[in-house]
Amino acid sequence: MLEINLQNYELKEILGECLEVLMKVDRTIFPYVTKQSAITSEYACSDEYLGIMQGKKVDGFPEKTLGVDLMRYNPPQQSLREALFKLDHRLLSWSGSRNNAVKMLYPKGGYMGWHHNANAAGYNILLSWSKEGTGFFRYQDPITKEIITMPDSPGWTCKVGYYGAWHEPSKIYWHCASAEHEERFTLGYIIPHEGIWQDMCDEIQVK
């Protein structure tokens with residue numbers, strides 16, 4: 001993955017409007033349910049857990065998470081439901097994406113454990129927000145096998161890259177994310193064509 005500067009005014013406006021609503025609602029009532037047994041954020045993003053996952057038959061989705069999947073959870077607040085609907089409509093249109101791949105709100109201590117998304121391959125745009133920037137995205141380089149951690153910055157960050165499919169073993173992209181110290185909001189979009197994706201990467205960086 002490559003981090004790029006989020007400069008585009010229209011994109012900032014779209015993200016900011018939804019975030020403002022999200023931060024105003026009572027999030028303590030959200031069902032922060034851990035998939036399967038509870039583990040810590042540190043362990044979910046550890047080398048040990050990566051080795052366990054790589055030794056198993058997996059479907060591409062994360063096996064363990066702690067957060068709210070806002071694509072599947074219908075929040076009780078009408079203002080937030082409307083803001084999320086508007087966000088999807090505007091961002092899918094703006095980006096040319098075929099779908100929203102992830103819309104995750106992590107609580108303090110939240111995480112998304114190691115997984116690779118080979119079931120949802122494509123060119124990605126990943127947008128994350130946290131107030132202090134204490135979270136991170138971590139991945140294993142498909143070729144060198146080096147583990148690389150990309151720390152967040154305060155506010156919005158944007159990462160772009162390609163997740164390989166099952167038939168592209170040299171491009172299988174193991175990754176995870178941590179929100180150990182504070183809330184973190186992440187949006188991911190899959191762009192169907194490399195040229196369109198590259199255009200969007202360029203557009204994101206233009207004021």
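**Group meeting: the largest pocket and helix α4**

Hi everyone, let me begin with the lining of the largest pocket: its residues divide into 17 nonpolar, 11 polar and four charged. Please keep in mind that this is a predicted model.

The volume of that pocket comes out at about 630 Å³. There are 32 residues lining the pocket, and F61, P62, A101, V102 and M112 are the closest to its centre. If you're following along on the structure, the elements giving two or more residues to the lining are β3 (65–69), β4, β5 (110–115), β6 (122–130), β10 (175–179) and β11. Which element gives the largest share of the lining? That would be β4, with six residues.

Now over to α4, the helix at residues 78–95. Its 18 residues reach 26 Å from the first C-alpha to the last, close to the 26 Å expected at 1.5 Å a residue. Which residues of α4 are buried? They are L80, A83, L84, L87, L91, W94 and S95. These residues lie on the same side of α4 because they cover an arc of only 110° around the axis. Turn the helix around, and the face away from the buried side carries F85, H89 and S93, which are exposed.

So what covers those buried residues? The cover includes two helices, α1 (9–24) and α5 (194–204), along with the strands β4 (99–106) and β11 (184–191). You'll recognise β4 and β11 from the pocket, where both are on the list of elements giving two or more residues to the lining.

One last detail: just after α4 comes G96, with a positive phi of about 75°. Thanks for listening, and I'm happy to take questions!

Methods
Residues numbered from 1 in each chain as written. Predicted model: local features only at pLDDT ≥ 70, side-chain atom pairs only at ≥ 80, totals over all residues. Heavy atoms only, no water. Helix = DSSP H or I, 4+ residues; strand = E, 2+ residues; numbered from the N terminus. Expected span 1.5 Å × (residues − 1). Buried < 20%, exposed > 50% of the residue type's maximum accessible area, 1.4 Å probe, protein only. Arc of directions from axis to C-beta. Contact = heavy atoms within 4.5 Å. 1 Å grid on protein atoms, 1.4 Å probe; cavity = no way out; pocket = protein on both sides within 12 Å on 5 of 7 lines; lining within 4 Å. Points joined across faces, edges and corners; volume = space filled by probe spheres on them. Nonpolar A, V, L, I, M, F, W, Y, C, P; charged D, E, K, R; others polar.
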